Amino acid sequence: MSDINENNNNETKENKENVVEELDELTYSTKNLKIAIPLMGKFGIPMTPKHYSVWYSYIAKANADLNAFLDKEIKRAGTCSSIISEEAYANYIATEAEKENINIKKGLEGLLNEIYTSLGDTKSGADDFTRYLDSSVTRLNNLEGDEVSAEDVLSVVKSVVKNISHIRKSTDVFSKRLDEANNEIMSLKKQMSKIKIEATQDALTGLLNRRSFDTEIELYVKLKKNFSLIMADLDHFKDINDRYGHRFGDSALKAVCKVIKERIGDNGRVYRYGGEEIAILVPNKNINIAKKLADVCRVNIEKITIVDPISENTLSKMTCSFGVSTFEDKNELALQVIERADHQLYLAKSLGRNRVMPLSL
């Protein structure tokens, strides 16, 4: 009987200890949430489970890498956007399955974009070849009379054969890429239903996308944070696409974006604004510093060389124009800051391109 009583007493003691531990944990969790929720409200972070987990972990100091990442962003901009919070979740909290799903979506978007541009280039090449054949037939029809030599006919035939070889090479490359893409798509298609996290990056360039830009500049303006905005646009990009093809143009755009991202570094965030236009948010920096950063990018873009392995076309010099503005009037809208930078970009284009505007204040 005494053994039974002793066991009951032990169980009661253990239960009480468990209850105390649960209450302590609840108190600890409540305390952290009371700090995390106002902080999320201050930064305009949506009150969703994903973001809760980020900021609870931040307050609890449960992940040193996550805290270091967020502290760095907060120090740079004086705030933190939902886009950065999503990056923190993806990099430091998301499970491996979630991370895999994010990569699947980005990979599929990039793959489809590559197929689309390759198809456009192949169609363009085929159209050009058709026009060339028509021209060659006309040349042959015009070769009449006793004065026509074998060399004249042979010249036309050689030219046609050369162009046939070129279009065959282009279509073979595209056909091979389609076969590879088909295998990749079949593999990815089965996993697409798992993807639930909205992508914040542009699939082609790897930069942050337009959604990210809109979210973060609106946050800066709402919180009246000091920042400068750089708008950049690749010069003569349409000519590059028309002359070399969209696939080559994509390579050029990616090279420019890579240089800009490297040169901006920790000074700001770089976004693909649309087409060949790039936006750069530079928090806590005045317009003069932003102009210097833009000029560093401009100079380094001039050094880029692009070589197409298929056509062997080479582009040894590219240029980019830049327009810069700053958030001066704390009552103005984000759109007004963007319009001022766009206006300066337009001036840079109209004055001969490959320059940073405004020249002086």
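The legends below describe close-up views of a predicted model.

**View 1. A nonpolar patch at the surface, made by L33, I37 and M47.** In this view the side chains of L33, I37 and M47 together make a nonpolar surface patch of about 220 Å². M47 is found in the loop between helix 1, which covers residues 2-43, and helix 2, which covers residues 49-60. Because its relative accessibility is 40%, M47 counts as partly exposed.

**View 2. H51 and its surroundings in helix 2.** H51 has its place in helix 2, and with a relative accessible area of 3% this residue is buried, because buried residues are those under 20%. When neighbours within four places in sequence are left aside, the residues in contact with H51 are M40, I45, P46, S82, S85 and E86.

**View 3. The stacked rings of F227 and F327.** A search of the whole structure finds eight aromatic pairs. In the pair of F227 and F327, the ring centres are 5.2 Å apart and the planes stand at 20 degrees, so the pair is stacked, the limit for stacking being under 30 degrees. The pair links distant parts of the chain, since F227 belongs to strand 1 (residues 227-234) while F327 lies in the loop between strand 6 (320-326) and helix 11 (334-350), 100 residues apart. Both F227 and F327 are buried.

**View 4. An aromatic cluster of F43, W55 and Y58, with D71 shown alongside.** The residues F43, W55 and Y58 form one aromatic cluster. D71, also included in this view, lies in helix 3, which covers residues 64-77. The C-alpha atoms of D71 and Y58 are separated by 9.4 Å, and these two residues are 13 residues apart along the chain. With a relative accessible area of 37%, D71 is partly exposed, because this value falls between the limits of 20% for buried and 50% for exposed.

**View 5. Two charged side chains over the faces of tyrosine rings.** This view brings together K50 with Y89 and R210 with Y273. K50 lies over the face of Y89, at 6.0 Å from the ring centre. R210 lies over the face of Y273, and here the distance from the ring centre is 3.9 Å.

Notes: Residues numbered from 1 in each chain as written. Predicted model: local features only at pLDDT ≥ 70, side-chain atom pairs only at ≥ 80, totals over all residues. Heavy atoms only, no water. Patch = residues over 30% accessible without salt bridge, like charges linked within 9 Å, V, L, I, M, F, W, Y side chains within 5 Å. Areas by Shrake-Rupley, 256 points an atom, 1.4 Å probe, with all protein chains shown as cover. Salt bridge = Lys/Arg side-chain N within 4 Å of Asp/Glu carboxyl O. Helix = DSSP H or I, 4+ residues; strand = E, 2+ residues; numbered from the N terminus. Buried < 20%, exposed > 50% of the residue type's maximum accessible area, 1.4 Å probe, protein only. Contact = heavy atoms within 4.5 Å. Phe/Tyr/Trp six-rings, centres within 6.5 Å; stacked < 30°, edge-to-face > 60°. Lys NZ or Arg CZ within 6 Å of the ring centre and 35° of its normal.
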